[in-house]
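Reader: Could you take me on a close look at one part of this model? I would like the annotated positions and their surroundings, and then some helix packing for context.

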Amino acid sequence: MGSDWAADYKNEAEIGEALAEAFKTGLVKREELFITTKLWNSDHGHVLEACKDSLKKLRLDYLDLYLVHFPVATKHTGVGTTSSAVDDKGVLEIDTTISLEATWHNMEDLVSKGLARSIGISNYDIFLTRDCLAYSKIKPAVNQFEIHPYFQRESLVKFCQKHGVAVTAHSPLGGSAANIEWFNSISCLDDAVLNDLAEKYNKTPAQIALRWAIQRDTVVIPKSSKVERLKENFEVSDFELTKEDRELIKGIDRKYRMDLPAKSWGIDLYA
């Protein structure tokens, strides 16, 4: 069973309490879980301390996977505080003294210390991924980035897979309600193609989107707090989309990014 968390989600302490209770009661064993969390931007210069802080909050001895959350170092605001400091013009305070290469080598040290069994990257484009592959001693196991039917990232997916970097799709449903609320995004789940296919396969549009992603050999991490939606998200292994239907979905790609952190950072890191 896998899980995906991050220091920036500000719930590691609560999750740690739940994990401790689950281990204590025998509900699950540590080795049965694959636990991921992420290094926040403001801690690029404090990788070891940030990882230890996450482990302390999660009440764990090691992580299965530790990711660099974004390819940018920002002003340090204290280990684990995950603040995004902005200047008097509301623009993100980027720390130009810390390179991504330096951050990565500090990530590699976590593996040698036994604190992380594998390490990876998140929100890296082709060029940054290529650079990481060039300077790394331990190759990134994963690149996690936004992928859904309206933002298919075909070139980046193929590049990562060609070079042995597993692809994890965050926001595989387009962020759905949350991104509509936060960023006024358009939901791909309302698309006619997905709805027609949902009717054809007797599934929901979300299940069609997840099945499409799985058949691209990408890992999906849909988010939901509703039990019925969680159950629905698991029920995608009992059918397979035809090549023709996958081509239909390929045709609705809008190159439309729905996760827009620049709205609060005052700068478009993807420009």
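Author: Happy to; what follows starts at the annotated residues and moves on to the helices. A note on the ground rules: this is a predicted model, in which local features need pLDDT of at least 70 and side-chain atom pairs count only at pLDDT 80 or more, while totals for chains, interfaces and linings use all residues. Residues are numbered from 1 along each chain as its sequence is written, and side-chain values use heavy atoms, with hydrogens and water left out.

Let us begin with His69, where UniProt, in an unreviewed entry, places the feature "binding site". UniProt positions are given here in the numbering used for this model, feature names are shortened, and annotations may be inferred rather than shown by experiment. His69 sits in the loop between strand 3 (65-68) and helix 3 (100-112). Helices (H or I, at least four residues) and strands (E, at least two) are DSSP runs, numbered from the N terminus. With a relative accessibility of 6%, His69 counts as buried; buried means under 20% relative accessible area, exposed over 50%, and partly exposed in between, with a 1.4 Å probe and protein chains only. Setting aside neighbours within four places in sequence, His69 is in contact with Ala6, Asp8, Tyr9, Lys38, Leu39, Trp40, Ser122 and Asn123, where contact means heavy atoms within 4.5 Å.

Two of those partners deserve a visit of their own. Tyr9 carries the UniProt feature "active site", again from an unreviewed entry. Tyr9 belongs to the loop between strand 1 (2-4) and helix 1, and its relative accessibility of 38% makes it partly exposed. Apart from neighbours within four places in sequence, Tyr9 touches Asp4, Lys38 and His69. Lys38 is thus listed as a contact of Tyr9 and also as a contact of His69.

The other partner is Asn123, in the loop between strand 4 (119-122) and helix 4 (126-135). Asn123 is buried, at 9% relative accessibility, and has a positive phi of about 65° although it is not a glycine. Most residues other than glycine have a negative phi. Ser171 also has a positive phi, near 55°. Ser171 lies in the loop between strand 6 (166-170) and helix 6 (176-183) and is buried, with a relative accessible area of 18%.

Now to the helices, starting with the one that follows the loop of Tyr9. The axes of helix 1 (residues 12-25) and helix 2 (residues 47-58) come within 6 Å and cross at roughly 45°. Axes are lines fitted to C-alpha atoms, for helices over the stretch in contact, and angles run from 0 to 180 degrees between N-to-C directions. The two helices, helix 1 and helix 2, are therefore oblique to each other; angles under 35 degrees count as roughly parallel, over 145 as roughly antiparallel, 65 to 115 as roughly perpendicular and the rest as oblique. On the helix 1 side, the contact is made by Glu12, Ala13, Ile15, Gly16 and Leu19, and on the helix 2 side by Ser54, Lys57 and Leu58.

Helix 7 (residues 192-201) and helix 10 (residues 243-250) pack at an angle of about 155°, with axes 10 Å apart. Helix 7 and helix 10 are therefore roughly antiparallel. Here Val193, Leu194, Leu197, Lys200 and Tyr201 of helix 7 meet Asp245, Leu248 and Ile249 of helix 10.
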